[in-house]
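Student: Could you walk me through how to read a ligand site and a ring pair?
Tutor: Sure, let's pull up the model and go feature by feature.

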Amino acid sequence: MPERVMTGDRPTGKLHLGHYVGSLRRRLDLQETHPMTVLVADLQALTTHAERPQEVRQAIRDVTLDYLAVGLEPARTTIALQSLLPELAELAAIFGLLVTVGHLYRNPTIKAERASLDIDEEQLTYGFLGYPVSQAADIVGLGGVLVPVGADQVPHIEEARRIVRRFNSLYGETLVEPRALVGEVPRLSGLYGKDKMSKSLGNAIFLADPPDVLRKKVRQIYTDPTRLRATDPGHLEGNVVFEYLDAFDPDREDLARLKDRYQAGGVGDVAVKERLFEVLDGLLAPIRERRALWEQDPEAVDRVLQEGTTRARAIAIRVLSQVRDAMGLPLRL
Ligand code: TRP
């Protein structure tokens, strides 16, 4: 049996192209060959959205629909909801015994998120600081060994590995160390360069964007500020249009020729953007079609999540009983 793939997303809004290159594309390949569980991590979303639970609730549906729209198949892939899996919370409490607060403070992703959300010491909740511990419980509790994620998640997978090693050294070889699978495009810039693509920064192209919105966003993309005329030589570094073409254009040879012409001043931004629009629209069109089908039957979407959660729960119950057994915790008195 191939190793189980496990990954997930925070439901804080609709998924975008950054999610697609960072992880979704990989999941589509892996679901052909591996058992896989994908978690809608609503409790983790609440670590930054405690004041906005209704937004998270709505996003649970949006993200599930995004999964189905990109082509995750519920008959193969288990799609589950974190907050309906109480065993994960119990496992997180146990894993919390194996991590120091100092180590969590030094987690580079936690640091970066604190900086960008401006979370000072007084605003830093126990839940936010500890979410990598809960994420380790998601992975291990759902039997995950391969974890396809974007580059920003690698410190969390490292944390999960440390926890597993510590658990095994204290209580005997019980758990398997998970491994991160980082996509070929580990990070995608937002429309205006510099920052990574993110819903909260307002620089994202969503999988659900209709063609007219896509066209408008492509027009706004940051290209080469040194270039005033189409006949000036263009630069590729820091040029988001070419970053996206690199990530999404399936015709590599033709793209290489386009880059040569661009650098020689033989093609203008408008033409390059037209090509990018075609490439992205080609990617999104089948996603839109599948979305339209599922949107006609919202109850079927809920059913996918309910049935997936039931399947995932059976795994979580099994893992937790192995954990309790290894630690010598009583099963009953
Ligand atoms: N932290 C991930 C993100 O922000 C979401 C997530 C929650 C996750 N649990 C996980 C990812 C388990 C991989 C494995 O996208």
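What follows is a short chat about the ligand site and then the aromatic pairs.

Tutor: Keep in mind that this is a predicted model.

Student: Where does the ligand sit?

Tutor: Start with the pocket: the ligand sits in the largest pocket. As for the elements around it, β1 (5–9), α8 (131–141) and β4 (146–149) each give two or more residues to the shell. The top contributor is β1, with 4 residues.

Student: Which residues come nearest to the ligand?

Tutor: There are 13 residues around the ligand, and R10, Q44, Q135, D138 and Q153 come nearest. By character, the shell splits into 5 nonpolar, 5 polar and 3 charged residues.

Student: How do I read the polar contacts there?

Tutor: Look for N or O pairs within 3.5 Å. Here, a polar side-chain atom of Q135 is 2.8 Å from a ligand nitrogen. D138 also places a polar side-chain atom 2.8 Å from a nitrogen atom of the ligand. For Q153, an N or O atom of the side chain lies 2.8 Å from a ligand nitrogen.

Student: How much of the ligand does the protein bury?

Tutor: Compare with the ligand on its own: it exposes 360 Å² when taken alone, and the protein buries 91% of that.

Student: And how many aromatic pairs are there in the whole structure?

Tutor: A search of the whole structure turns up 3. One of them is F167 with Y171, with 4.8 Å between centres and 65 degrees between planes. Planes over 60 degrees apart count as edge-to-face, so that's the label for F167 and Y171.

Student: Why are F167 and Y171 separated by about one helical turn?

Tutor: Because they are 4 residues apart in helix α9 (residues 154–171).

Conventions:
Residues are numbered from 1 along each chain as its sequence is written. This is a predicted model: local features need pLDDT of at least 70, side-chain atom pairs count only at pLDDT 80 or more; totals for chains, interfaces and linings use all residues. Side-chain values use heavy atoms; hydrogens and water are left out. A residue is near a molecule or strand if one of its heavy atoms lies within 4 Å of it. A polar contact is a pair of N or O atoms within 3.5 Å; within protein, one must be able to donate a hydrogen and the other to accept it, and residues adjacent in sequence count only if both atoms are side-chain atoms. Accessible areas come from the Shrake-Rupley method with a 1.4 Å probe; for residues, only the protein chains shown count as cover. On a 1 Å grid over the protein atoms alone, a cavity is a set of points where a 1.4 Å probe fits but cannot get out, and a pocket is an open set with protein on both sides within 12 Å along at least five of seven lines; lining residues have an atom within 4 Å of a point. A molecule sits in a cavity or pocket if more than half of its atoms lie within 2 Å of its grid points. Ala, Val, Leu, Ile, Met, Phe, Trp, Tyr, Cys and Pro count as nonpolar, Asp, Glu, Lys and Arg as charged, and the others, Gly among them, as polar. Rings of Phe, Tyr and Trp (its six-membered ring) pair if their centres lie within 6.5 Å; planes under 30 degrees apart count as stacked, over 60 as edge-to-face and the rest as tilted.
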